[in-house]
Amino acid sequence: TYGKMDGLGASGMSAFSSDPKTQVMRQIQQEAAMQNARMLVEKLNEHCFERCVPKPGSSLSSGEESCFTTCMEKYMTAWNTVSKQYVARIQKESQQGGSGGSSF
């Protein structure tokens, strides 16, 4: 176990000074992705279920099921489009900011 700890000592920290920051960023991105997935499921339930199942019973009718499926597909397509545009914008901004930040 001492060998692993030595690798994380001062020499390891100076060689990979940006690595802890990268790990934190990845963790934040993963947590944000999980939060987005939860929000997506909540919004799908909120919008599609309320729209397609006006009187919930013990099971969905074929009409309710097809309505729900169509609604989910449309909502997820819109969600993916917005997410891709958002990610592209963040990447563009981080590349622009990244070149200026390296002068420190």
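Contact is taken here to mean heavy atoms within 4.5 Å. By that criterion, and not counting residues up to four places away in sequence, Val53 touches Cys48, Leu60 and Glu64. The model is a predicted one, in which local features need pLDDT of at least 70 and side-chain atom pairs count only at pLDDT 80 or more, whereas totals for chains, interfaces and linings use all residues. Residues are numbered from 1 along each chain as its sequence is written, and side-chain values use heavy atoms, with hydrogens and water left out.

Helix 3 is a good place to begin. Helices are DSSP runs (H or I, at least four residues) numbered from the N terminus, and helix 3 covers residues 19-52. At 1.5 Å a residue, its 34 residues should span 50 Å, and the end C-alpha atoms are 48 Å apart, which agrees; the expected span is 1.5 Å times one less than the number of residues. The buried residues of helix 3 (buried being under 20% relative accessible area, exposed over 50%, partly exposed in between; 1.4 Å probe, protein chains only) are Leu40, Leu44, Cys48 and Cys52.

These four reappear in the largest nonpolar core, where Leu40, Leu44, Cys48 and Cys52 are joined by Val53, Phe68, Cys71 and Trp79, eight residues in all. Helix 3 and helix 4 (62-101) are the elements that give two or more residues to this core, and the largest share, four residues, comes from helix 3. A nonpolar core is a set of buried Ala, Val, Leu, Ile, Met, Phe, Trp, Tyr and Cys residues joined through side-chain atoms within 4.5 Å.

Asn45 also lies in helix 3 and is partly exposed, because its relative accessible area is 41%. Leaving aside neighbours within four places in sequence, Asn45 is in contact with Glu50 and Phe68. The C-alpha atoms of Asn45 and Phe68 are separated by 9.3 Å, although the two are 23 residues apart along the chain.

Helix 4 offers a polar counterpart. The structure holds one salt bridge (a side-chain nitrogen of Lys or Arg within 4 Å of a carboxyl oxygen of Asp or Glu). Glu93 forms a salt bridge with Arg89, and the closest N and O atoms are 3.1 Å apart. Both residues lie in helix 4, four residues apart, about one turn of the helix. Glu93 counts as partly exposed because its relative accessibility is 43%, while Arg89, at 56%, is exposed.
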